[in-house]
Amino acid sequence: MAEKKVKEKNLARKELKRKVAQRIKPAANTVTSNRLKLLVTIVGRRKAEYYEDLLQEFDVNMQMTALANGTATEKTLSLLGLTDTDKAVIFSVIQESKIPDALHMLEDKFNTIKDGKGIACTLPISSLIGTLIYGFLSNNRMAVKEETK
């Protein structure tokens with residue numbers, strides 16, 4: 001008899017959880033459906049503008065480029081036949097759903113363009129302040145419009 005009451009309570013809890021989950025479905029433009037990541041791309045300085053333009057195709061609304069130098073010694077560079085140590089680090093905010101396509105395109109360009117070698121990786125963005133900033137960075141005009149009304 002006691003087991004039957006426990007089973008009934010468990011079924012009632014499961015049913016209540018299911019009903020609550022149905023009511024709280026995320027909308028299409030929520031943060032959980034459009035998470036943002038920071039794409040870090042390191043390329044030769046002469047090719048930086050080219051890669052910035054390529055990344056624009058993936059709805060990247062904010063990019064920042066920092067100039068850098070390679071850290072290899074002169075001896076290592078001469079052994080490998082390399083001379084150019086001037087680099088550019090491109091920081092791009094990109095939607096998580098567009099990362100596979102962007103990385104595939106970058107890998108293809110790294111392998112096919114003369115002097116276009118580079119490396120790219122992504123880092124998670126754990127928080128942002130405000131929906132307007134999120135809407136701008138994710139290229140989500142609906143979030144920006146909803147906030148300004």
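These exercises work through the fold, the sheet and some individual residues of a predicted model.

**Exercise 1. The overall layout**

Task: State how many helices and strands the protein has, and in which pattern they follow along the sequence.

Solution:
- Step 1. Count the elements. The protein has six helices and four strands.
- Step 2. Read them along the sequence. The pattern is α-β-α-β-α-β-α-β-α-α.
- Step 3. Look at the contacts. Among those with a separation of 6 or more, 74% join residues 24 or more positions apart.
- Step 4. Turn to the surface. Of the 149 residues, 23% count as buried. The accessible surface comes to about 11,000 Å², and carbon and sulfur atoms hold 57% of that area.

**Exercise 2. The sheet**

Task: Give the order of the strands in the sheet, and find which strands stand at the edges.

Solution:
- Step 1. Recall how strands join. Strands of a sheet pair through backbone hydrogen bonds, either parallel or antiparallel.
- Step 2. Trace the order. The four strands run β2-β3-β1-β4 in an open sheet, with antiparallel pairing.
- Step 3. Find the edges. They are β2 (62-69) and β4 (118-124). Each has a single partner strand, so one side of each lacks a neighbour in the sheet.
- Step 4. Check the turn between strands. Neighbouring strands are turned by 20° against each other on average, direction ignored.

**Exercise 3. β1, β3 and a helix**

Task: Describe the pairing of β1 with β3, then name the helix that packs on the sheet and touches β1, β2 and β3.

Solution:
- Step 1. Locate the strands. β1 spans residues 36-44 and β3 spans residues 86-95.
- Step 2. Describe the pairing. Nine bridges link β1 and β3 in the antiparallel sense.
- Step 3. Take one bridge as an example. Val 40 has Phe 91 of β3 as its bridge partner.
- Step 4. Add the helix. Helix α2 (residues 48-55) packs on the sheet and touches β1, β2 and β3. The direction of α2 makes about 10° with that of β3.

**Exercise 4. Buried, partly exposed or exposed?**

Task: Classify Thr 41, Gln 95, Asp 86 and Leu 79 by relative accessibility.

Solution:
- Step 1. Set the cut-offs. Buried means under 20% relative accessible area, exposed means over 50%, and partly exposed lies in between.
- Step 2. Take Thr 41, in strand β1. Its relative accessible area is 0%, so Thr 41 is buried.
- Step 3. Take Gln 95, in strand β3. Its value is 10%, so Gln 95 is buried.
- Step 4. Take Asp 86, found in strand β3. At 32%, Asp 86 counts as partly exposed.
- Step 5. Take Leu 79, in helix α3 (residues 74-80). At 68%, Leu 79 counts as exposed.
- Step 6. Look around Leu 79. Together with Leu 80 and Leu 82, Leu 79 forms a nonpolar surface patch with about 350 Å² of accessible area.

**Exercise 5. Contacts across the sequence**

Task: Leaving aside neighbours within four places in sequence, list what Thr 41, Gln 95 and Asp 86 touch.

Solution:
- Step 1. Thr 41 is in contact with Leu 55, Ala 88, Val 89, Ile 90, Leu 106, Phe 110, Ile 119 and Ala 120.
- Step 2. Gln 95 touches Asn 34, Arg 35, Leu 36 and Ser 138.
- Step 3. Asp 86 is in contact with Gly 44, Arg 45, Ala 68 and Asn 69.
- Step 4. Compare sequence with space for one pair. Asp 86 and Asn 69 are 17 residues apart in sequence, and their C-alpha atoms are 4.7 Å apart.

Technical notes. Residues are numbered from 1 along each chain as its sequence is written. This is a predicted model: local features need pLDDT of at least 70, side-chain atom pairs count only at pLDDT 80 or more; totals for chains, interfaces and linings use all residues. Side-chain values use heavy atoms; hydrogens and water are left out. Two strands pair if DSSP finds at least two bridges between them. Helices (H or I, at least four residues) and strands (E, at least two) are DSSP runs, numbered from the N terminus. Axes are lines fitted to C-alpha atoms, for helices over the stretch in contact, and angles run from 0 to 180 degrees between N-to-C directions. Contact means heavy atoms within 4.5 Å. Patches are made of residues with over 30% relative accessible area and no salt bridge: like charges are joined within 9 Å, nonpolar side chains (Val, Leu, Ile, Met, Phe, Trp, Tyr) within 5 Å. Accessible areas come from the Shrake-Rupley method with a 1.4 Å probe; for residues, only the protein chains shown count as cover. A salt bridge is a side-chain nitrogen of Lys or Arg within 4 Å of a carboxyl oxygen of Asp or Glu. Buried means under 20% relative accessible area, exposed over 50%, partly exposed in between (1.4 Å probe, protein chains only).
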